[in-house]
Structure formats: C-alpha cells, structure tokens
Amino acid sequence: MSINAAVRKRLRWLRPLVLAFRAGVAIAKSWAAIAKSWAAVVNSWVVEKIRNPFVLSDRSVRRRWRFFEVARAVQIGPLMIGRATNLDALSKGAFLETAERVGQPDNIPPIVKLGPIAIMRARGFGKIARRLRKFKLEIDDFRAMGNGADLAQRKSSGRNRDRRSVVFLHNCYYNFFYLAAALRKRGWDAVSVSIEDPHGPHANFYHGEDINLYDSNPELYRRKLFDFFAETEDRFRMLHFYGVRAMSMFPATMRRGGFYGLPIDFLRLRQLGIKIGYTVAGCLDGVAQSSIKSWSGACDKCVWQLRPEICSDAGNLEWGRQVHTICDVVDTGGSPTLDWKGKADKVFRDPLTMALEPELWRPDLQVPEKYQLKRSPGELIVYHAVGNYELRSQNDRNIKGTGAILAAVDRLKNEGVHVRLEFVTNIPSKDVRFIQVQADVVVDQLNYGRYGAQAAEAMMLGRPTICYIKKDELPGVSRIGFVEDCPIVTATEESIYEVLKDLLADENRRRELQKASREFALKWHSADACALRFELLYDRLMRGLPPTDGRWRSDVAKPRAGVANHQSTTQYLSSLEIET
C-alpha cells in the first residue's frame, strides 16, 4: 500500500466534515444572494419611507437628518427624539408661532424627558425650524466674517461651568445695575447690559449699566448686538430681562405693534440650556385689565384704561402667555397673584431684583446745595412724585392719586397745620433721593394696592411712607410674608386726609416708622439681600427645580394655564363688591 493511500485511509473520517463545510458555504452564498436582492428592495423602501421623515423642514438645505442641524434632534415617524433643551425650544417656538398666526394656540406640546434626552410628538415644527436655522446662520456668518472675538477665543474665555453667571438685559430702573454689582462681590460673572441710547428719553430713570451696546450708526449697532449675543452663548448660564414686549436682544425682534411675536434669539438661548428670567413691569404685566379693576379698582384712575394698545385683557394675557412659555422664572416682586402672576411653577413672589444700594440711599445722606429745601421753623414736608406726569395724567385720571394728595395737604394747611407738599417730576433718579431724604412723610400711590420703586427708596432712606397696600390674595393662595410685615402706612384717595393728618401730628410714630422702614428695606431690598435670594433661586434652576416649592398655592398640583387662572380670578373677583 502506497503512503498516499495509507494517509487517505487514515483521514477518511474527515470527509463528512469537509462535505458539511462545503454545503454550509454553498448555503451561505445562497442566503447572501437572497439577502442582497432583498436589500435592494428594502433599501429603496427605507429611502422613501424611513429616511424621508428625517428631511429638514427647509428641504433645500439638508435631506438626511430632520432638524439635526438646527436642534440636534431627529424625527422618526410621528415622534421626535433629541436633547431635552432643544426639543423644549422647538415646542415653545412652535407654540408661540401658532399664537403669532392665529392668536389661539393649543397647549404646549408635551415632552417626555429621560434624563438629558426627550421624546415628543413631531407636529408643526417646520416654520420654527427654518427661523431658528436662519438665525443660527446669521450668527455663524457674523463670526466667519471676523466680527467680534474669534470662536476659539470665546471658548477659552467663555463659560466656566463651576462659576455662577448671569447677564441682566435692559434697564430695570437701576435695580439690575446694583444687583449685578452685588453678585460680583459673591464671586459671580454678572453684568447689566442696555441696548438703549444712554441719552434717550428714559435716561433720567437709570443709574447706568456695565455695558451699553447702543450706537447711532445702524451697522455698528447691529454688529455690537450680534457680537454680544455670540458672547452670551458662550459665557453666561442665565439671562434675566425686563420690559413688556422687550423679549429680545435685538430691537427689530421686539414687536412694538402688538403682543404676538417670536423671540428667536431667546429660543436659541434655550436650545443651549441657558436659563431665562423676567422681572414684571407693573400691574398690567400678565394680568387682564378687568382683573386689576375688580381687585382694586385702580383702572378707573389710570390713563392706560383708554389705551388698548398699551393695556387690555387680550393683550395683557397674551404677553403673560409668552413670558411664561419662554421663561424659567418670573419675578413678580410681591404683585397680587392674579392671572399669569399666579402660575406657581414659574413665579417668584419675594423681592428678587428690586435691589437698592444702602450706601446710596442712607438716612444721613449729605444733600447738595442745589437740592436743599428751604423750610420755616416747624414746617412739615410731604413728598410726592410722578415720573412722566404729563403722560400719565389726563383730566381726573392719575394712577397715583396726585389730586387727592394735593387736596389733603391744602385742607390741612387751611386748618392751620404747618405743612407743604413737595411735588417732584422729571428729576433724575440719581438725584431725587436728595429731596426724598428731607421729607417728613413720603406718599407713593393710593390706588393700585402694592408698593413700587418710590416707596422702596423712601423706606431705604428711613422715611415714613404712605401707600395703598391691599394684602388680600385669591382663595387658595397664601398672603405674601414681606407684604404682611411691611411698615408702610396704608391709605386710599378717600382716606389720605385722615391718615396724613394723624401721621403728621404724631412725631413719635414717625420716629418709629423711620427705624422700621430702614430695617425692612435692608432686609428685603438691599442689593446684598437680593443677591443672596437670587443665588439660591439660580441654584434651584440649575438643578432643574422650579423657582419655589409652590406651597403658597394650596391648589398647586392642579394644572393651571393662564386663561384658567384668569377664569378663576374672575369668578372670585365677581363675588367681591369693589367701590370705584
């Protein structure tokens, strides 16, 4: 037997294995051919039926990933999946875009959040995606043209995730300016920014800002705005602003003709996870005119009652809807919890940004000679002021009750009381304190029901202060602690004569009120106290928590949209008999 035959004889047990292997290879090749043919069919179906929903709303730009370039989110069938902050911005933008078109939007599309990822129903995001993308391209083009700092430079000097940071946008009188300074003392990166002409018509009310972006040259002005917005994206973790219809860093975005509008730059900030806060600008901010009228009767004394483009039920509530849609916190500063100001998931009721610098408003202030008031021995001075008096007064309409104050002082003088009224208007805010500090009594407003900047300044100066304070809240809403403790002497137009007469006659009480007013103002309105309050709020927001625990509403667990709030407000107020 040859050697080869012997080897084959010994290895013949391997033959079945070899045959099996060859059969397996043949079967695999067959399945591969079948799979390849099916792949061609499936691929065409996938392209048409699966990839198609991923197409950008702006189809001429990108067809592969729907919204990917705009919001880092993709659409799969009826659902959209992406980063929570991006879907949040898209849903809020679509909500406001609907309001801009029809004025009666549905509820904000619900979002299911799974940590940093979220899922939501994809519907009606085409227009908002295009507008977001257009704005993003403007910012990118601005950077690419060499305007402002280089992107790499921004990143290297940009946001420090371990450092608290906020930009205060638009002037809130002087409050943001002093609050930002107090936050910097606590280690913050905090600045106040204005886009207004520093010599404009409102300059008298301001004390300055850290950065002013205004330029009389339109092109330079635009470049400054885009430059600072790009810096905001990289540097700050929160933006807090002030002003009805001022929800933008760009004047062209502010819709001066109405309350509807899409703040595309603020939506962009939300995409980046930057928190947004707002400080209300008065009684009409987010509250229907009819609600205020029923609560305090103030509207019948106000010139804006006859100006629906400024104050109306529909306009006020729509602005409130926009604010509460976009913002993470709304600082109401002790306003009554009516309509949108009663929305527990966003509202912060204690003084947050109404910050005063105690050294600037101190009781022993040295008065410049030009502001020293001449008074005869024993003469008492009652101080009252109205900014933009001519604009805010018409016939017998005056929200502050100036006519009643004048009549009360004249009556007291006729009765032999040695008193005079020091009426002030159109004096720069920085200087008016020199007159306030010389007064024996300061009278603020007599109609609205809560106090404002003038009363806060007077208390910080240690002046006895009169103002109409209505402490009532809606059923199910607890009263506000600092309003309860406020040492302001309350009065209306009907009672101002008696209240003023008693206070001017009681020197001991005035002395007690001086001390109590200063202590109250230091506790609630000093820049350092507001800075601490703001820091605690900021930390809650960064942890994904609401501004407060909402315990001030016993019905906080119930869903309450602004319109629902207005309905419950109306039902309650209709049960009251308000004499106007």
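Let's start with a pair of strands: β12 and strand β15 (residues 419-424) line up in the parallel sense, joined over 6 bridges. Keep in mind that this is a predicted model.

On another partner, β12 has 2 bridges to strand β16 (residues 441-443), and those two strands also run parallel. Val382 is a handy residue to look for here, since it stands opposite Leu421 in β15 and opposite Val441 in β16. Here are the two pairings of β12:

| Partner strand | Residues | Bridges with β12 | Sense |
|---|---|---|---|
| β15 | 419-424 | 6 bridges | parallel |
| β16 | 441-443 | 2 bridges | parallel |

Zoom out a little, and you'll find an open sheet of 4 strands, in the order β15-β12-β16-β17, with parallel pairing. β15 and β17 (465-466) sit at the edges with a single partner strand each, so one side of each has no neighbour in the sheet. As for what holds such things together, strands of a sheet pair through backbone hydrogen bonds.

So is strand β12 (residues 380-385) mostly covered or mostly open? It's mostly covered: 6 of its 6 residues are buried. Leu380, Val382 and His384 point one way from β12, while Ile381, Tyr383 and Ala385 point the other way, and all of them are buried.

Now for something on the surface. Glu498, Asp502, Asp506 and Glu512 gather there in a patch of negative charge. One of these, Glu512, has its place in helix α18 (residues 507-525). Glu512 counts as exposed because its relative accessible area is 57%, and the cut-off for exposed is over 50%.

Definitions and conventions
Residues are numbered from 1 along each chain as its sequence is written. This is a predicted model: local features need pLDDT of at least 70, side-chain atom pairs count only at pLDDT 80 or more; totals for chains, interfaces and linings use all residues. Side-chain values use heavy atoms; hydrogens and water are left out. Patches are made of residues with over 30% relative accessible area and no salt bridge: like charges are joined within 9 Å, nonpolar side chains (Val, Leu, Ile, Met, Phe, Trp, Tyr) within 5 Å. Accessible areas come from the Shrake-Rupley method with a 1.4 Å probe; for residues, only the protein chains shown count as cover. A salt bridge is a side-chain nitrogen of Lys or Arg within 4 Å of a carboxyl oxygen of Asp or Glu. Lys and Arg count as positive and Asp and Glu as negative; His and the chain ends are not counted. The place of a charge is taken as NZ of Lys, CZ of Arg, CG of Asp or CD of Glu. Buried means under 20% relative accessible area, exposed over 50%, partly exposed in between (1.4 Å probe, protein chains only). Two strands pair if DSSP finds at least two bridges between them.
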